[in-house]
Amino acid sequence: MAQCIDVSCVDRCLAEGCEKALGALAQCAAKSGCGPDDSDCVARVCGKQCGRTFEPAPRSPEKENADPCADASLGAGAVPKEVVGRWSLEAASIRPEEKERIVGQENTDAKPRPDYARSLVVTPGGCFLLRTKLEDATLGRGNALEVRAWGAFQVNEKDDTVELRTKSGQAVGPVCGKPRVIGLSKGKFQPTTFTYDVEGDTLTLTAKTPSLQTFQFRRQTEEQQAE
């Protein structure tokens, strides 16, 4: 999962095997007899199960980069003012391979999973920071990760497209009772091109791929930004 970096990789991971392994970890935590906030107890009782689930939880060979966009060299240059800011994912269209599972349902959009949240920051200098928070409901009690990707938000205003050129990333948080900073493989980064549209406080990105998968973001309020 730590290798997931594009907007759909985490979703695929959860759908293609991770969910079963994480379910076993959650079941261990539920049967542990530990209190709901006693992560030390869960780490002690379910440590072996946690290690197997994460194969095992890797050591942390690097320091956390808390503000990657502070490096001015990451940006792609000035971007339209309307896309600058902090955004929260509100909805995403269903990928073609998933539609068979929801035949008969009228809604073709999907709300983000309640147990993880994705946000996007775009700076005036054309740097982006994409965050996906994975809480213990997904990873098992006592575990949490924020998967981060950052790079150049390269806008072409002539055809209303933007290319997200990811340059680096980290997964940060407690796993198996220990704090982790997991560097993400640069070999996994592939530039992704989207058409973009901004209407009021809504940013819509549509992938320029055969699936035309669409992601709808809402501009964060001041309260959300302070969290």
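Trainee: Is F194 buried or exposed?
Mentor: Keep in mind that this model is predicted. The relative accessible area of F194 is 3%. The cut-off for the low class is under 20%. Because 3% falls below that limit, F194 is buried.

Trainee: And F215, buried or exposed?
Mentor: Use the cut-off again: under 20% relative accessible area. F215 has 4% relative accessibility, so F215 counts as buried.

Trainee: How many aromatic pairs are there?
Mentor: Ring centres must lie within 6.5 Å to pair. The centres of F194 and F215 are 6.4 Å apart, so these two rings qualify. By this rule, the count of aromatic pairs is one.

Trainee: What kind of pair do the rings of F194 and F215 make?
Mentor: Two values describe such a pair: the distance of the centres and the angle of the planes. Here the planes of F194 and F215 stand at 80°. Angles over 60 degrees have their own class. Because 80° is over that limit, the pair is edge-to-face.

Trainee: How many residues apart in sequence are the parts that F194 and F215 tie together?
Mentor: Place each ring in its strand. F194 lies in β8, residues 192-199. F215 lies in β10, residues 214-219. So the pair ties together parts whose separation in sequence, in residues, is 21.

Trainee: Which residue of strand β10 meets E90 in a salt bridge?
Mentor: Side chains of opposite charge can pair when their charged atoms come close. E90 has such a contact, with N to O at 3.5 Å. The cut-off is within 4 Å. The partner of E90, in strand β10, is R218.

Trainee: How many residues apart in sequence are the parts tied by E90 and R218?
Mentor: E90 sits in strand β1, residues 85-93. R218 sits in strand β10. So the salt bridge ties together parts whose separation, in residues, is 128.

Trainee: What is the accessibility class of E90 and R218?
Mentor: E90 has a relative accessible area of 31%. R218 has 35%. The middle class runs between 20% and 50%. Because both values fall there, E90 and R218 are each partly exposed.

Trainee: Which residue forms a salt bridge with E146?
Mentor: E146 is in strand β5, and its partner is in strand β4, 15 residues apart. The closest N and O atoms are 3.5 Å apart. Both residues are buried. The partner of E146 is R131.

Trainee: Which residues join one network through salt bridges that share partners?
Mentor: Start from E146 and R131, which form a salt bridge. Shared partners bring in further residues. The full network is E64, R131, E146 and R148.

Trainee: How many bridges join strands β4 and β5?
Mentor: β4 covers residues 127-134, and β5 covers 145-156. The two run antiparallel, and L134 stands opposite L145. The number of bridges is eight.

Trainee: How many residues of strand β5 are buried?
Mentor: β5 has 12 residues, and the strand is mostly covered. The number of buried residues in β5 is nine.

Trainee: Which residue in the hairpin of β5 and β6 takes a positive phi?
Mentor: β5 and β6 pair in the antiparallel sense over 11 bridges. F153 stands opposite L164 in β6. Four residues lie between the strands. The residue with a positive phi, near 55°, is D160.

Trainee: How many disulfides does the whole structure hold?
Mentor: One of them joins C34 to C41, with sulfur atoms 1.9 Å apart. Another joins C69 to C127, S to S 2.0 Å. A search of the whole structure brings the count of disulfides to four.

Trainee: Which residue forms a disulfide with C50?
Mentor: C50 is in helix α3, residues 47-54. Its partner lies in the loop between β6 and β7, 126 residues apart. The sulfur atoms are 2.0 Å apart, and both cysteines are buried. The partner of C50 is C176.

Trainee: What is the handedness of the link of C69 and C127?
Mentor: C69 is in the loop between α3 and β1, and C127 is in strand β4. Look at the angle about the S-S bond, which is -80°. With that angle, the link of C69 and C127 is left-handed.

Notes
Residues numbered from 1 in each chain as written. Predicted model: local features only at pLDDT ≥ 70, side-chain atom pairs only at ≥ 80, totals over all residues. Heavy atoms only, no water. Phe/Tyr/Trp six-rings, centres within 6.5 Å; stacked < 30°, edge-to-face > 60°. Buried < 20%, exposed > 50% of the residue type's maximum accessible area, 1.4 Å probe, protein only. Pairing = 2+ DSSP bridges. Salt bridge = Lys/Arg side-chain N within 4 Å of Asp/Glu carboxyl O. Disulfide = S-S within 2.5 Å.
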